[in-house]
Structures are given as structure tokens and as C-alpha cells.
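Q: I would like to learn how to read a protein model. Can we take it feature by feature, starting with overall shape?

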Amino acid sequence: MVLKELLDKERFHYLKVLNDKPDLSRKVITVESTETPDVAKYIPQNTFLIMTGMAFKEEPEQLCGFLEDLNERRCAGGAIKLGRFLNNLDARVLHTANQLGLPLLQIPMDKTLGNVY
């Protein structure tokens, strides 16, 4: 399934696309949830990653590098629960996501990562 098809499902309408130039045609084969910054080395291609961004709380540049690593692994995109560890995404993070076409979605505070998973 491609990401756009997933987002078109009524049960996922609460997910908000954060960046302006996401490639929603990316294929989703698996969903993973993790907070470790080195996960990009281990996840399979076409993974949709859900997270809180805890590891990047004070480090927007590291999050940019993380997105680049995910993109190299052909990651389908990511969803971040804003409001817990990150209140918003730094403009550099959104710029990086746009340059890569990597979709970034927002998980609302009233949803758990388990709900999304």
C-alpha cells in the first residue's frame, strides 16, 4: 500500500501532514516504533516509523541527519507525536523533509503511539 492510501482511510484522518512537499506515493510495507537515533541502520525498506522525537528534543540538526538516513533506507515516512518531547518541528527539519520528499506526519496528543501502530 502507498502512504496516500493509508492516509485516505478514515481511521487515520487524525494524522496531519507537516511538510509541504511529501512524497505520498512511497510504499508502506511495515510500521515500526522506536526512539533510538541509529534505527535507520536497521529498519527494512518501506518502513513507516512512528516516534515521539525524544532522542532529538534539543537537537534539530540530529533530527535532520536522522531523516536523511531514513531516506537512504527508502523509509516510507514518519509520524511524530508533538507536544510531549518536541512542541514543534524546527524549520530546518521541515526543510530537510521537503528536500527529501520524506513525509512527516503529526500524531495528536490524544493518541498513543499504540493507537497509530
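A: A rule of thumb links chain length to radius of gyration, taken over C-alpha atoms: 2.2 Å times the number of residues to the power 0.38. For the 117 residues of this protein chain, a compact globule would have a radius of gyration near 13 Å, and the chain agrees because its value is 13 Å. The C-alpha trace spans about 35 × 30 × 25 Å along its principal axes. This is a predicted model, in which local features need pLDDT of at least 70 and side-chain atom pairs count only at pLDDT 80 or more, while totals for chains, interfaces and linings use all residues. Residues are numbered from 1 along each chain as its sequence is written, and side-chain values use heavy atoms, with hydrogens and water left out.

Q: How many helices and strands does the protein chain have, and in what pattern?

A: Helices (H or I, at least four residues) and strands (E, at least two) are DSSP runs, numbered from the N terminus. The protein chain has four helices and five strands. Along the sequence they follow the pattern α-β-β-β-α-β-α-β-α.

Q: What percentage of the residues in the protein chain is buried?

A: Buried means under 20% relative accessible area, exposed means over 50%, and partly exposed lies in between (1.4 Å probe, protein chains only). Buried residues make up 42% of the 117 in the protein chain. Contacts, meaning heavy atoms within 4.5 Å, tell about the fold as well. Among contacts between residues at least 6 apart in sequence, 74% join residues at least 24 apart.

Q: Which residues of the largest nonpolar core touch the most other members?

A: In soluble globular proteins, nonpolar side chains tend to be buried together. A nonpolar core is a set of buried Ala, Val, Leu, Ile, Met, Phe, Trp, Tyr and Cys residues joined through side-chain atoms within 4.5 Å. The largest such core has 21 residues, and those touching the most other members are Leu63, Phe66, Leu67, Leu70, Leu89, Val93 and Leu104. Strand 3 (47-51), helix 2 and helix 3 are the elements that give two or more residues to this core. Helix 2 contributes the most, with five residues. Another core lies apart from it and has 14 residues, among them Leu6, Phe12, Val28 and Ile50.

Q: Is Phe66 buried or exposed, and what is Phe66 in contact with?

A: Phe66 lies in helix 2. It counts as buried because its relative accessibility is 3%. Leaving aside neighbours within four places in sequence, Phe66 is in contact with Thr36, Pro37, Val39, Ala40, Leu49, Met51 and Phe56. Phe66 and Pro37 are 29 residues apart in sequence, and their C-alpha atoms are 6.7 Å apart in space.

Q: Which residues of helix 3 are buried, and what covers them?

A: An α-helix has 3.6 residues a turn, so residues three or four places apart point the same way. In helix 3 (residues 91-100), the buried residues are Val93, Thr96, Ala97 and Asn98. Their cover includes helix 2 (60-72) and strand 5 (104-107). Beyond its neighbours within four places in sequence, Val93 is in contact with Pro60, Leu63, Cys64, Leu67 and Leu104.

Q: What is found at the start of helix 3 and just after helix 3?

A: At the start of helix 3, a side-chain oxygen of Asp90 reaches to within 2.7 Å of the backbone nitrogen of Arg92. Just after helix 3, Gly101 takes a positive phi of about 75 degrees.

Q: How many salt bridges are there, and which residues form them?

A: Side chains of opposite charge can pair when their charged atoms come close. A salt bridge is a side-chain nitrogen of Lys or Arg within 4 Å of a carboxyl oxygen of Asp or Glu. By this rule the count is four. One of them joins Glu61 and Arg92, at 3.0 Å from N to O. This pair links distant parts of the chain, with Glu61 in helix 2 and Arg92 in helix 3, 31 residues apart. Arg92 also meets Asp90 in a salt bridge, at 2.8 Å from N to O. Asp90 is partly exposed, with a relative accessible area of 27%. Salt bridges that share partners join Glu61, Asp90 and Arg92 into one network. Arg26 forms a salt bridge with Asp23, where the closest N and O atoms are 3.9 Å apart. Arg26 counts as buried at 13% relative accessibility, whereas Asp23 counts as partly exposed at 31%.

Notes
A polar contact is a pair of N or O atoms within 3.5 Å; within protein, one must be able to donate a hydrogen and the other to accept it, and residues adjacent in sequence count only if both atoms are side-chain atoms.
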